[in-house]
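Colleague: Could you take me on a close look at one part of this protein, the helix you mentioned and what lies around it? I would be glad of a connected account rather than a list.

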Amino acid sequence: MPESRIVLKNCEKINPGELPSYRQAGGFLAWDRCLKRMTREQVIQVIKDSHLLGRGGAGFSCGLKWELARKEEGDEKYLIGNAAEGEPGTFKDHYLLSHDPFLLLEGMIIAAYAVGAVKAILFLRGEYHSLVKGLEQAIQQVKEAGFLDHTDIRIVQGSGGYICGEETALLESLEGRRGEPRYKPPFPPETGLFGKPTVINNVETLANIPQIIVKGPEWFCSLGTEKSKGTKVFSLSGDVEHPGVYEVLMGTPLREVVENLAGARDIQAVQVGGASGRILPASLLDTPLAYEYVLGSGAIMVYNQERDLLDLLLQNIRFINGESCGKCTPCREGTEVLKEIFGRWNSGDGREEDMPALEVLSRTMRLASFCGLGQTAPTPIMDSLTYFKKAFDQRLEQSRYLRTLTMVK
């Protein structure tokens, strides 16, 4: 099955540094239609009718989020483009920002118009500082062409905290405070940046907007599955012949992406969604990539049979533990305990009582953690205990053997 490029249709086909190149490819036709033929409410209704879901991982209705912010009283509202992708193995937004920045800007302009936001911010991951100059030049070109008469767009670089990918932690960071998630409700469309109604959309979400406006919601709804419409962009890495960024229809089997597009062979496991994403065995490669099955942020990492699965889990936990903001006990202490357990297992000191302890701790973190970081951190562990228990059993036997040798000595 070939790619179905919608979001990435201009990538490597236009000059990303020149606005005329983007316009020759149909750029800003959507904005022109919105401005001349559609009210703000009509734009929002088109997005609602398309059933576009947020591409950052949560899968919330984009149109509903816009509608909530539009209905809030007050003249001061904000739109934020979330380009803080910090999930290990995720680099799709970086690719899009590098190869088609004007598509994102057009999506942001349309979104700001729809919700009535006169100020828009592109929150850029701190490690993506190399993109700033090109993005600032793109914004300047768009402004000089008269496309920013209704809103102002500026770039703000994050400080590198993974937690700031969570929208309320992002708001805290923008307001000059430590990046920690807020209590909800109220939600950002009601009370967001500086207490004003705020819409926060992922880069890929906003990049879908122009073509939905031009081609219509019926066209978008014809793509994908019953609950997951359109396409999804994925970052492929790990033990594959052709790592890179791919875009496929929602519902495409995982096998099509990792084997046919990326050229993976001798697969032991595939992790979908980054460090806190699902880990699936080769026997489940026919699982559809959609919100109702398995999806996440868009990172897909492939591991062959030579990989040490327990070591991979330890690396995941080290990352999550290091990036935990520490606000809530289940995540702060839970990730520390997980790191300690897997550290022991990888040094040859696995214990049988660790297995039920991992299950209890994982369930507790899922239920009691304050935000998605802690809630999803145990996901790969639970999957591994389900699908790769043999790896745990083998390591446990090795640990028993090592302890026996120590006792003999």
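Modeller: With pleasure. In helix α8, the residues T168, A169, L170, L171, E172, S173 and L174 are buried. This is a predicted model, and in it α8 covers residues 167-174, with 7 of its 8 residues buried. As general background, an α-helix has 3.6 residues a turn, so residues three or four places apart point the same way. What do the buried residues of α8 pack against? They pack against four strands: β1, β2 (119-124), β3 (152-157) and β4. Just after the helix comes G176, whose phi is positive, near 90°.

Let us follow one of those strands, β4. This strand spans residues 198-202, and 5 of its 5 residues are buried. In a regular strand the side chains alternate between the two faces of the sheet. For β4, both faces are covered: T198, I200 and N202 are buried on one side, while V199 and N201 are buried on the other. β4 also pairs with β1 (residues 78-83) in the parallel sense, over 5 bridges. Within that pair, Y78 stands opposite T198 of β4.

Elsewhere in the chain there is an open sheet of 5 strands with mixed pairing, in the order β6-β5-β9-β7-β8. At its edges stand β6 (244-249) and β8, each with a single partner strand, so one side of each is left without a neighbour in the sheet. From one strand to the next, the twist averages 30°. The partner strands β7 (residues 267-272) and β8 run antiparallel and are joined by 4 bridges, with V270 opposite L280 in β8. Helix α16 (residues 379-387) packs on this sheet, where it touches β7 and β8, and its direction makes about 20° with that of β8.

One residue beyond the end of β8 is worth a stop too. T287 sits in the loop between β8 (278-281) and β9 (299-304). Is T287 buried or exposed? It is buried, with a relative accessible area of 18%, which falls under the 20% cut-off for that word. The side chain of T287 reaches the backbone oxygen of L284 at 2.7 Å. Leaving aside residues up to four places away in sequence, T287 touches T252, P253, L254, L280, Y293 and V294. Among these, L280 is the β8 residue that stands opposite V270, which brings us from the loop back to the sheet.

Methods. Residues numbered from 1 in each chain as written. Predicted model: local features only at pLDDT ≥ 70, side-chain atom pairs only at ≥ 80, totals over all residues. Heavy atoms only, no water. Helix = DSSP H or I, 4+ residues; strand = E, 2+ residues; numbered from the N terminus. Buried < 20%, exposed > 50% of the residue type's maximum accessible area, 1.4 Å probe, protein only. Polar contact = N/O pair within 3.5 Å; in protein donor to acceptor, adjacent residues only side chain to side chain. Contact = heavy atoms within 4.5 Å. Pairing = 2+ DSSP bridges. Axes fitted to C-alpha atoms, helices over the stretch in contact; angles between N-to-C directions.
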